[in-house]
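User: I would like to go through this chain with you at the level of single residues. Please keep the cut-offs explicit as we go.

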Amino acid sequence: QVQLVESGGGLVQAGGSLRLSCAASGNVFRINYMAWYRQAPGKQREMVAGMTSGGDTSYIDSVKGRFTISRDNGKNTVYLSMNSLKPEDTGVYYCNCRAVVSYSGYLGDIWGQGTPVTVSS
């Protein structure tokens, strides 16, 4: 069984920085795509950034130039470095791993439990 453990969220002032981490623990063979989503209060969940196993990245426009997604395939871990944070970045951030393959078989998509990020003005 594979589980995602997130860390790094918290309270920060506008203009500050945070780094989120998400580690996949368990019987992981390969994770094809790793992404970060966020859900602000009263809003739908949206994908903030994503990264393929080959290193291709994508970002929503509102975070381009401020956020950087990276991953360590050897550790099955994905990171989200967030700089120049704004109050509108506030929300619960979720790690998402797609097309996860374990040594026991194909697992599909897996979600983390979420870590809250609050940016004060």
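Analyst: Buried means under 20% relative accessible area, exposed means over 50%, and partly exposed lies in between, with a 1.4 Å probe and protein chains only. This is a predicted model, in which local features need pLDDT of at least 70 and side-chain atom pairs count only at pLDDT 80 or more, while totals for chains, interfaces and linings use all residues. Residues are numbered from 1 along each chain as its sequence is written, and side-chain values use heavy atoms, with hydrogens and water left out.

User: Is Ser21 buried or exposed?
Analyst: Ser21 sits in strand S3, where strands (E, at least two residues) are DSSP runs numbered from the N terminus. Beyond residues up to four places away in sequence, Ser21 touches Val5, Glu6, Ser7, Trp36, Val78 and Tyr79, contact being heavy atoms within 4.5 Å. Its relative accessible area is 19%, so Ser21 counts as buried.

User: Which cysteine does the disulfide join to Cys22?
Analyst: A disulfide is taken as a pair of cysteine sulfur atoms within 2.5 Å, and the count by this rule is one. The S to S distance in the pair with Cys22 is 2.2 Å. Because Cys22 lies in strand S3 and its partner in strand S9, the pair ties together parts that are 73 residues apart in sequence. The link is left-handed, with -80° about the S-S bond, and the partner of Cys22 is Cys95.

User: Why is Cys97 not bonded to the closest cysteine sulfur?
Analyst: Cys97 counts as buried, because its relative accessibility is 1%. The closest cysteine sulfur belongs to Cys95, and the separation is too far for a bond, at 4.3 Å.

User: What is the order of the strands in the open sheet of four strands?
Analyst: Strands count as paired if DSSP finds at least two bridges between them, and S7 and S8, which run antiparallel, are joined by six bridges. The pairing in this sheet is antiparallel, and its edge strands, S1 and S7, each pair on one side only. The order is therefore S1-S3-S8-S7.

User: Which residues have the most contacts inside the largest nonpolar core?
Analyst: A nonpolar core is a set of buried Ala, Val, Leu, Ile, Met, Phe, Trp, Tyr and Cys residues joined through side-chain atoms within 4.5 Å. The largest one has 29 residues, and strands that each supply at least two of them include S1, S3 and S9. The residues asked for are Trp36, Phe67, Leu80, Met82 and Tyr93.
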